[in-house]
Structure formats: C-alpha cells, structure tokens
Amino acid sequence: MSDQYIWKEILKIVDNYNQMVRAELLNRWKKWQLDLTNPEIYEVVGALVARQVTLATQLASTQSIWNGHVAPLILRTMVDTYITLAWIFEKPIERAREFILYGLGQDKLYFEHIKKDLKKSGEDTDNHPIVKDMEKLINSYRFADLTEINLGSWSGLNTRKMAEEAGCMEIYRYAYVPFSAATHSTWNHVSKYNLEPCSNPLHGYHKIPVDPNLPVDISYLYRAVEYVEETFVLFDTKTNVKGDALSSIEMFYKSIDKLGEEEEQKQDKS
Ligand SMILES: [Zn+2]
C-alpha cells in the first residue's frame with residue numbers, strides 16, 4: 001500500500017470524524033433541557049464543549065501541524081479547557097457567572113487601554129468610531145454593569161489548584177505540564193526541538209539553533225480525539241444527558257484499525 005493511498009484514506013477518516021464529532025456536539029445540545037433561569041450555565045458549558053470540538057477539528061484538518069512544534073499548543077489549550085469545564089461543573093451557577101464576568105472584565109480593560117492611547121494622541125475619544133463600536137459591544141453584554149476588572153486568573157486559582165479541586169490531577173500532570181513546555185518555550189522544549197549539536201568536534205559539541213521539519217505524527221490527532229471524548233463524558237456525567245448520536249471516536253479508531261489491517265495484509269502478500 002502506497003503512502004499516498006494511506007494518506008488519502010486518513011484524510012477521508014478525518015473528514016468523517018469532523019462531521020461526526022460536530023453532530024455529536026449538536027445532539028448533546030439538543031438533548032440538554034434548557035433552564036432559562038440560569039442561561040449562563042448553558043452558554044458557558046456549551047461554549048467550552050464546542051471549543052474542544054473546534055480545536056480538535058482544526059488540528060485534524062491541518063496535517064502539517066501534527067508534530068511536536070505546534071500540536072502541543074493546541075492540545076495544551078484542550079487540556080486547559082477540560083480542567084476549566086470540570087472545575088465549573090463543581091459549582092456551575094456561581095462559576096459560570098464568574099467565568100463570564102472575568103471575560104467581560106478583560107474586554108473592558110483592553111477597551112480602557114485603547115481609549116487612553118487615543119486620548120494621548122489627541123483624538124476626540126468620545127466620538128471616535130473605535131470607542132463607539134466597543135462601547136456598543138460592551139453594553140450589549142448581560143452583566144455589563146457588574147463587570148469589574150480582575151487582574152488575576154478568572155477563577156482566582158492557578159490551573160494546578162483547579163485540577164486538584166476538580167479531580168483532574170492525572171491529565172494535569174501527564175498532559176498539561178508537558179504540553180506547557182511547548183506553549184511557554186521553556187528550555188525542556190527548545191533544547192530538544194530547536195537545537196542540535198555542532199558537527200565540528202573542535203567546538204566541544206556546543207549546540208546550534210535549527211528549525212527542523214518533523215515527520216507527521218498521527219498520535220497527536222489521537223490525543224485530540226481522546227480529549228474531546230473525555231469532555232463529552234464529563235458533560236454527560238454532570239448533566240445526565242443521554243446523547244444518541246453515533247460515536248465519532250468509535251468510528252475513528254475502527255477506521256484507523258481497519259486501515260492498519262489492510263496494510264498488514266498487503267505487506268504479507270508482498
Ligand atoms: Zn560549532
């Protein structure tokens with residue numbers, strides 16, 4: 001079986017996965033009984049679960065980033081989103097509200113900086129189109145008046161503490177921490193991915209900067225697919241929603257296994 005054939009098949013599986021995972025998201029949303037006295041929970045939880053699907057489908061659709069340079073940035077955000085969601089589910093009404101207020105506060109802060117800079121450059125800030133647009137946007141938010149600008153983290157805790165409280169220490173230790181090295185470009189990442197030994201033995205094997213192309217590694221896609229599934233399981237457990245869409249992860253693994261078997265059979269024959 002040629003590499004070209006395998007790639008064509010993998011892209012078909014990815015297309016199918018993207019459609020199915022979106023259908024699963026929609027199915028859960030439809031089955032979730034709305035309680036409009038607390039719309040924040042639905043909006044926050046819905047947005048975070050949808051975010052996981054977006055991150056996974058974007059990663060799935062971009063094979064050139066299935067490598068250690070870039071995929072960890074997306075996977076780390078997925079783990080972060082998972083921990084946030086798990087922590088919100090512990091006290092959903094209160095925390096969904098805090099989550100919204102923090103986000104609005106960030107928008108307000110950004111807006112204040114822009115206004116200050118416009119004023120400094122002598123602009124009429126009250127009538128400036130940027131200011132008017134942003135004011136309109138901020139005033140359209142529910143709770144706009146309540147919003148205080150909070151400079152810490154939105155939950156008042158660091159991610160480790162949130163993971164601890166929400167019972168997610170395993171994913172924190174084995175995924176969040178290692179992927180964070182890529183996100184923050186710390187030494188344990190850059191020394192492995194962006195340096196290689198100088199070939200001149202007279203130089204004492206110092207290292208030189210490189211930007212290597214890495215081979216495509218499908219295991220990064222497996223991780224994204226698994227994080228979406230874990231998010232769905234978390235959602236189902238906390239909301240008691242019984243979705244009935246076909247499972248995207250089952251289709252994904254079955255199709256990959258089938259492709260692997262086909263390849264083995266072909267190799268046996270040759
Ligand atoms: Zn050298």
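# Exercises on helix packing and local geometry

Glu112 lies in helix H4. The model examined in these exercises is a predicted one.

## Exercise 1

Determine whether Glu112 is buried or exposed, and state how many residues and what distance separate Glu112 from Arg160.

Solution. The first step is to count neighbours: Glu112 has 12 other C-beta atoms within 10 Å. A residue counts as exposed if 12 or fewer such atoms are present. Glu112 is therefore exposed. The second step concerns Arg160: Glu112 and Arg160 are 48 residues apart along the chain, and their C-alpha atoms are separated by 31 Å.

## Exercise 2

Describe how helix H2 and helix H4 are placed relative to each other, and which residues meet.

Solution. Two packed helices are described by the angle between their axes and the distance between the axes. Helix H2 covers residues 39–60 and helix H4 covers residues 92–120; their axes come within 9 Å and cross at roughly 65 degrees. Angles of 65 to 115 degrees count as roughly perpendicular, so H2 is roughly perpendicular to H4. The crossing in which H2 passes H4 is left-handed. On the H2 side, the contact involves Glu40, Ile41 and Val44, which meet Pro92, Ile93, Ala96, Arg97, Phe99 and Ile100 in H4. By class, this contact of H2 with H4 holds seven nonpolar, no polar and two charged residues.

## Exercise 3

Characterise the packing of H2 and H9 by orientation, handedness and residue class.

Solution. The axes of H2 and H9 come within 9 Å, and they cross at roughly 165 degrees. Since angles over 145 degrees count as roughly antiparallel, H2 and H9 are roughly antiparallel to each other. Their crossing is left-handed. From H2, the residues Val49, Gln52, Val53, Leu55, Ala56, Leu59 and Ala60 take part, and they meet Leu221, Ala224, Val225, Tyr227, Val228, Thr231 and Phe235 of H9. The contact of H2 with H9 consists of 12 nonpolar, two polar and no charged residues.

A further residue of helix H2 is Gln58. With 13 other C-beta atoms within 10 Å, Gln58 is partly exposed. Gln58 and Ala224 are 166 residues apart in sequence, while their C-alpha atoms are 10.0 Å apart in space.

## Exercise 4

Establish how H1 packs with H10, and locate Leu259 within that arrangement.

Solution. Helix H1 (residues 3–31) and H10 pack with their axes 9 Å apart, at an angle of about 170 degrees. This makes H1 roughly antiparallel to H10. The crossing of H1 and H10 is right-handed. In H1, the participating residues are Ile6, Glu9, Ile13, Asn16, Tyr17, Met20, Val21 and Glu24; in H10 they are Ser248, Met251, Phe252, Ser255, Ile256, Leu259 and Glu263. The contact of H1 with H10 divides into nine nonpolar, three polar and three charged residues.

Leu259 belongs to helix H10. It is partly exposed, with 17 other C-beta atoms within 10 Å. Residues up to four places away in sequence being left aside, Leu259 touches Ile6 and Glu9. For Leu259 and Glu9, the separation is 250 residues in sequence and 7.7 Å in space, C-alpha to C-alpha.

## Exercise 5

Identify where helix H7 has a kink, which of its residues are buried, and what covers them.

Solution. Helix H7 spans residues 169–183 and has a kink of about 30 degrees at Tyr176, shortly before the proline Pro178. The buried residues of H7 are Tyr172, Ala175, Tyr176, Phe179 and Ala182. What covers them includes helix H3 (71–90), helix H6 (159–165) and helix H8 (187–193). Just after H7, Ser185 adopts a positive phi of about 50 degrees.

## Exercise 6

State where Tyr205 and Asn240 are found, and whether each is buried or exposed.

Solution. Tyr205 is in the loop between strand S1 (195–197) and strand S2 (207–209). Its phi is near 55 degrees, a positive value in a residue other than glycine. Tyr205 has 9 other C-beta atoms within 10 Å and is therefore exposed.

Asn240 is in the loop between helix H9 (219–239) and helix H10 (248–269). The phi of Asn240, a residue other than glycine, is also positive, near 60 degrees. Asn240 counts as exposed because it has 10 C-beta neighbours inside 10 Å.

Key. Residues numbered from 1 in each chain as written. Predicted model: local features only at pLDDT ≥ 70, side-chain atom pairs only at ≥ 80, totals over all residues. Axes fitted to C-alpha atoms, helices over the stretch in contact; angles between N-to-C directions. Helix = DSSP H or I, 4+ residues; strand = E, 2+ residues; numbered from the N terminus. Parallel < 35°, antiparallel > 145°, perpendicular 65-115°, else oblique. Left-handed = near helix turned anticlockwise from the far one by under 90°. Contact = placed C-beta atoms within 7 Å. Nonpolar A, V, L, I, M, F, W, Y, C, P; charged D, E, K, R; others polar. Bend = angle between axes of the 7 residues up to and from the residue. Buried ≥ 20, exposed ≤ 12 C-beta atoms within 10 Å, placed from the backbone.
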